[in-house]
Amino acid sequence: MTIFSVEIVPKDPLWKIDLLTYIIEELGFSGVWLSEHPHNRSSFITASSLLKKTSRVWTGLGVVNPYTINPFVIAQLVASLTEVAPDRVKIAVGAGDKTTLESIGVERVKPLEKIREAVTIIRQLLNKKKITIDRIHGRLDFNPRSSVPIYIGAQGPRMLQLGGEIGDGVLVNYSNPEDLKWAYSEVREGIEKAGRRIESIDVAAYLTISLDLDPEKAVKTAIPYAAYILCGLPEKIMEKMDVGEEKLIKVKEAVRKGDWLRLYDIMNVDIVKKLVLIGQPTILEEKLREIVEIGYSQVVLGAPIGPRILQTLREIKKTIDEAETKLYI
Amino acid sequence: MDVARFMEAVRELAVEEKHSLMEELLDILLSSVNLEMVPDDVGWRVNQAYRDGKLIEDEFLRDLAYAVSIAEPAKFRRIVERL
């Protein structure tokens, strides 16, 4: 059975995130992924508040970046959250995008090694083991109240394979079925290399969606999100995008400055549509069918969702409920 | 001023109309990118009233209208004119 969850970006006040999560729980989604970005509110502190006020939905922190938060501290924060809501905490770690990291003075070196090491440290500490890796020693002096699945946030082929090799799950950050199919095969390669079974991990399609009856509004809402994704794409995928070096530099510059008006001028609809699932809510049924057929066990409905978030979430849930009947009979 | 006019117009509406107006306002508020402008205490009152099923009550509908008038003044004005 496919799991459906929703991404919330903690850029808005806590009262809104809290209310939206309440509505998401009310609608029957399984969980909420809180994105982690140095310019937004802390996903950990936001999660602590949400978990206290919800009773069923799980909260995923993702994607947490070990370049910006020390893996030992990540384990400490996650373990603390299990005390707020045992069995309702998940975490995803990833190497993030170069542009954002550079903007806060962090160098992104050897991302594969960094993620492998971070997962080892976090997993061992959450399992109450003592860490003795190179210069890192010690253990948590308190007991996590439940286990925490560790996902890997991935886009590039080697990170996708690493996710299949060591993750309890993989968050695959693509939105169109063609890219998702390719990414799934990379995850599968990692799984096979490690001698694991595909059923033993949760492979999640982390879609960026903007749905509305008015396609123009849906595109406008999606532009800043598409620009962020574009800046972080691995080289191989970037080549397929055919964006052009000059345009890419302009997009990166506008993202770095947070100049959204400039982005509306630079980004064209074709690029946005390659990166974000755009259209009427009903298109989701066909896309979901393709994604489930590829093999994904979770679908994350990622921000911005649409220009009218409440109405779109309700329509999406209706579409999922109707599609589920057709998908699983 | 717009909020006062809105509340006056709302009093004339049937319960179903009031409910759909409340839903419309809430959708505008939750979709807004200007929520840093809304005072936190107003936001939390809207949040709690929705959870308690009381957002349709005048006291809380006024809070919702006020929040929307701050975050999305043009959209709010259009709604008031429509009423």
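# Exercises on a two-chain model

Residues 24 or more positions apart make up 72% of those contacts in chain B that have a separation of 6 or more. This is a predicted model, and the exercises below walk through chain B, then chain A, then the place where they touch.

## Exercise 1: Getting to know chain B

Work out which kinds of secondary structure build chain B, and how its size fits its length.

*Step 1.* Start with the elements. Chain B has 5 helices and 0 strands. Read from the N terminus, the order is α-α-α-α-α.

*Step 2.* Turn to the dimensions. The C-alpha atoms of chain B fill a box of roughly 30 × 30 × 20 Å along the principal axes.

*Step 3.* Compare with a compact globule. For 83 residues, such a globule would have a radius of gyration near 12 Å; chain B has 12 Å, so the two agree.

*Step 4.* Look at burial. In chain B, 36% of the 83 residues count as buried.

## Exercise 2: How confident is the prediction?

Find the mean pLDDT of chain B, and say which of its helices has the lowest mean and which the highest.

*Step 1.* Chain B has a mean pLDDT of 95, and 99% of its residues reach 70 or more.

*Step 2.* Now go element by element. The lowest mean, 93, belongs to helix α1 (residues 2-10) of chain B, and the highest, 98, to helix α3 (residues 40-51) of chain B.

*Step 3.* For the model as a whole, the scores are ipTM 0.96 and pTM 0.93.

*Step 4.* A reminder for reading any such model: where pLDDT is low, the predicted coordinates should not be read in detail.

## Exercise 3: Getting to know chain A

Repeat the first exercise for chain A: how many helices and strands does chain A have, and does its radius of gyration agree or disagree with a compact globule?

*Step 1.* Chain A has 14 helices and 11 strands.

*Step 2.* Its C-alpha atoms fill a box of roughly 55 × 45 × 40 Å along the principal axes.

*Step 3.* A compact globule of 329 residues would have a radius of gyration near 20 Å; chain A has 19 Å, which agrees.

*Step 4.* Of the 329 residues in chain A, 48% count as buried. Among contacts in chain A between residues at least 6 apart in sequence, 75% join residues at least 24 apart.

## Exercise 4: Strands around β9 of chain A

Trace the strands that pair with β9(A), and give the direction of each pairing.

*Step 1.* Locate the strand. β9(A) covers residues 202-211, and 9 of its 10 residues are buried.

*Step 2.* Take strand β8 (residues 169-172) of chain A. It runs parallel to β9(A), joined by 4 bridges. One point to find on screen is V172(A), whose bridge partner in β9(A) is A205(A). Together with helix α7 (residues 177-193) of chain A, β8(A) and β9(A) make a right-handed β-α-β unit.

*Step 3.* Take strand β11 (residues 298-305) of chain A. Here 6 bridges make a parallel pairing with β9(A). A205(A) appears again, opposite V299(A) in β11(A).

*Step 4.* Take strand β10 (residues 277-279) of chain A. Its pairing with β9(A) is parallel over 3 bridges, with S210(A) opposite I278(A).

## Exercise 5: From β11 to β1 and β2

Continue from β11(A) to β1(A), and then describe the path from β1(A) to β2(A).

*Step 1.* Strand β1 (residues 3-8) of chain A is mostly covered, with 5 of its 6 residues buried.

*Step 2.* β1(A) and β11(A) run parallel, joined by 4 bridges. In this pairing, V6(A) has L301(A) as its bridge partner.

*Step 3.* β1(A) is also joined by 4 bridges to strand β2 (residues 31-34) of chain A, again parallel. E7(A) stands opposite W33(A) in β2(A).

*Step 4.* The chain passes from β1(A) through α1(A) to β2(A) in a right-handed β-α-β crossover.

## Exercise 6: Where the chains touch

Identify the elements of chain A that give two or more residues to the side touching chain B.

*Step 1.* Count the residues: 13 of chain A are in contact with 12 of chain B.

*Step 2.* Name the elements. They are α1 (14-27) and α14 (309-328) of chain A.

*Step 3.* Find the largest share. α1(A) supplies it, with 6 residues.

*Step 4.* Sort by class. This side of chain A has 8 nonpolar, 1 polar and 4 charged residues.

Methods: Residues numbered from 1 in each chain as written. Chains lettered and ligands numbered in written order. Predicted model: local features only at pLDDT ≥ 70, side-chain atom pairs only at ≥ 80, totals over all residues. Contact = placed C-beta atoms within 7 Å. Nonpolar A, V, L, I, M, F, W, Y, C, P; charged D, E, K, R; others polar. Rg over C-alpha atoms; globule rule 2.2 N^0.38 Å. Buried ≥ 20, exposed ≤ 12 C-beta atoms within 10 Å, placed from the backbone. pLDDT = per-residue confidence, 0-100. Pairing = 2+ DSSP bridges. Right-handed = clockwise from strand over helix to strand, strands pointing away.
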